[in-house]
Amino acid sequence: KKLLQRNTTTQRERRIKRDVIDSFQSKPPVFVSDSPTPTRKKSFLNRLFSSTVTNRVLIPPVAGCALDENIISTWQKEYEVKVIFMSDVEGQTLAVVKGKQDDVKTVTDKIQRLVISSLSRNPTEAQYPPEWNAKTKSTLVPVVLRSKEGQKVVNLMKESLPTVQILKIQRIQNSCLWEKYRAQRDYTWRKNGCIINEKELFHGTRKTNPTEICNGEEGFDMRFSNFGSWGQGNYFATNASYSDSYAFCL
């Protein structure tokens with residue numbers, strides 16, 4: 001007796017060897033588990049077929065002390081997740097949570113609540129960048145072109161102005177503006193659930209001397225802004241080539 005297999009699309013048939021059928025029937029699929037109970041089998045299948053996901057949570061320096069190793073270790077044992085702390089390209093600390101989708105969401109929510117709670121107990125600290133001299137309230141500091149800080153600016157400029165010749169770079173050190181920036185940044189971070197989206201953009205000041213903005217207490221003040229395509233406001237560009245046409249000339 002022949003055993004045939006038919007293709008429903010082409011209607012072609014092929015013969016199936018008897019030894020293949022016998023081999024399959026003699027060795028049926030076996031479910032292997034460390035426990036024969038249905039509950040353990042269901043748990044194993046859930047772990048096997050649940051998708052692995054990754055979440056990232058930004059951890060401000062002032063709140064980093066709230067996440068000690070004991071808390072993280074307890075969560076990793078209680079849930080099927082792995083928590084890794086790392087730094088992004090901007091040097092900011094990130095908590096990377098990997099594992100089962102539901103458990104990742106639960107642990108991510110726990111981290112966010114713990115960090116937000118820590119921020120509410122600890123007022124925002126004006127932690128200045130490491131390159132700054134914290135004793136200086138307002139000044140323009142020369143930046144060495146070949147330094148890491150200088151090369152970062154040069155590379156950003158040359159992305160859209162490849163032939164530009166950069167003669168000098170100055171860093172703005174204004175403690176008053178920095179403290180306002182930090183307060184607004186932390187507020188946005190808490191409001192958006194520990195997510196922040198910052199970009200480094202360019203701005204041309206036209207006839208206004210940039211030092212008036214750098215040394216002031218308001219920074220970019222909308223009261224002195226012109227009306228643009230979207231109304232009165234401060235406009236910034238992703239490309240230096242666009243802001244170059246609005247640059248202040250000495």
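**Reasons behind the labels**

Visitor: What makes Glu200 count as partly exposed?

Guide: Its relative accessibility is 43%. Partly exposed covers the range between under 20%, which is buried, and over 50%, which is exposed. Glu200 at 43% falls in between, so it is called partly exposed. Please keep in mind that this is a predicted model.

Visitor: Why is the pairing of Glu200 and Lys152 called a salt bridge?

Guide: The two side chains meet with N and O atoms 3.0 Å apart. The cut-off is 4 Å between a side-chain nitrogen of Lys or Arg and a carboxyl oxygen of Asp or Glu, so this Lys and Glu pair qualifies. Glu200 sits in the loop between helix H6 (175-191) and helix H7 (210-214), while Lys152 is in helix H5 (residues 148-158), so the salt bridge ties together parts 48 residues apart in sequence. Lys152, like its partner, is partly exposed, with a relative accessible area of 37%.

Visitor: How do you know that Glu218 and Lys180 form a salt bridge too?

Guide: Here the N to O distance is 3.8 Å. That is still within 4 Å, so the name applies. This pair also links distant parts of the chain: Glu218 is in the loop between H7 and strand S8 (227-228), Lys180 is in helix H6, and 38 residues separate them. Both Glu218, at 49% relative accessibility, and Lys180, at 41%, are partly exposed. Since exposed starts over 50%, Glu218 at 49% stays in the partly exposed class.

Visitor: What other salt bridge can you show me, and where does it lie?

Guide: The structure holds 6 salt bridges, and one of them joins Lys105 to Asp109, with the closest N and O atoms 3.3 Å apart. Both residues belong to helix H4 (residues 101-121), where they are 4 residues apart, about one turn of the helix. As a general point, side chains of opposite charge can pair when their charged atoms come close.

Visitor: Are Lys105 and Asp109 buried, partly exposed or exposed: which word fits each?

Guide: Lys105 has a relative accessible area of 52%, which is over 50%, so it is exposed. Asp109 has 24%, which lies between 20% and 50%, so it is partly exposed. Thr106, also in helix H4, is partly exposed as well, at 29%.

Visitor: What makes Gln173 a buried residue?

Guide: The relative accessible area of Gln173 is 2%. Buried means under 20%, so the label follows. Gln173 lies in strand S7 (residues 169-174), and its side chain makes a polar contact of 2.7 Å with the side chain of Arg171. That distance is within the 3.5 Å limit for a polar contact.

Visitor: And why is Asp221 called buried, at what value?

Guide: Asp221 has a relative accessible area of 17%, again under 20%, so it is buried. Asp221 is in the loop between H7 and S8, and a polar contact of 2.6 Å joins its side chain to that of Arg223. Across the 250 residues of the protein, 23% count as buried.

Visitor: What makes the nonpolar surface patch, and how does Phe220 qualify?

Guide: Leu201, Phe220 and Phe236 make the patch, which covers about 270 Å². A patch member needs over 30% relative accessible area, and Phe220 has 39%, so it passes that test. Phe220 is found in the loop between H7 and S8.

Visitor: How do you know which parts of the model to read with care?

Guide: The pLDDT values tell us. The protein averages 75, and 67% of the residues score at least 70. Among the elements, helix H8 (residues 240-244) has the highest mean, 94, and helix H1 (residues 18-26) the lowest, 46. Over residues 20-38 the pLDDT stays under 50, and the model has 9 contacts there beyond four places in sequence. Where pLDDT is low, the predicted coordinates should not be read in detail.

Visitor: How many helices and strands are there in the protein?

Guide: There are 8 helices and 9 strands. Of the contacts between residues at least 6 apart in sequence, 64% join residues at least 24 apart.

How values were computed. Residues numbered from 1 in each chain as written. Predicted model: local features only at pLDDT ≥ 70, side-chain atom pairs only at ≥ 80, totals over all residues. Heavy atoms only, no water. Helix = DSSP H or I, 4+ residues; strand = E, 2+ residues; numbered from the N terminus. Buried < 20%, exposed > 50% of the residue type's maximum accessible area, 1.4 Å probe, protein only. Contact = heavy atoms within 4.5 Å. Polar contact = N/O pair within 3.5 Å; in protein donor to acceptor, adjacent residues only side chain to side chain. Patch = residues over 30% accessible without salt bridge, like charges linked within 9 Å, V, L, I, M, F, W, Y side chains within 5 Å. Areas by Shrake-Rupley, 256 points an atom, 1.4 Å probe, with all protein chains shown as cover. pLDDT = per-residue confidence, 0-100.
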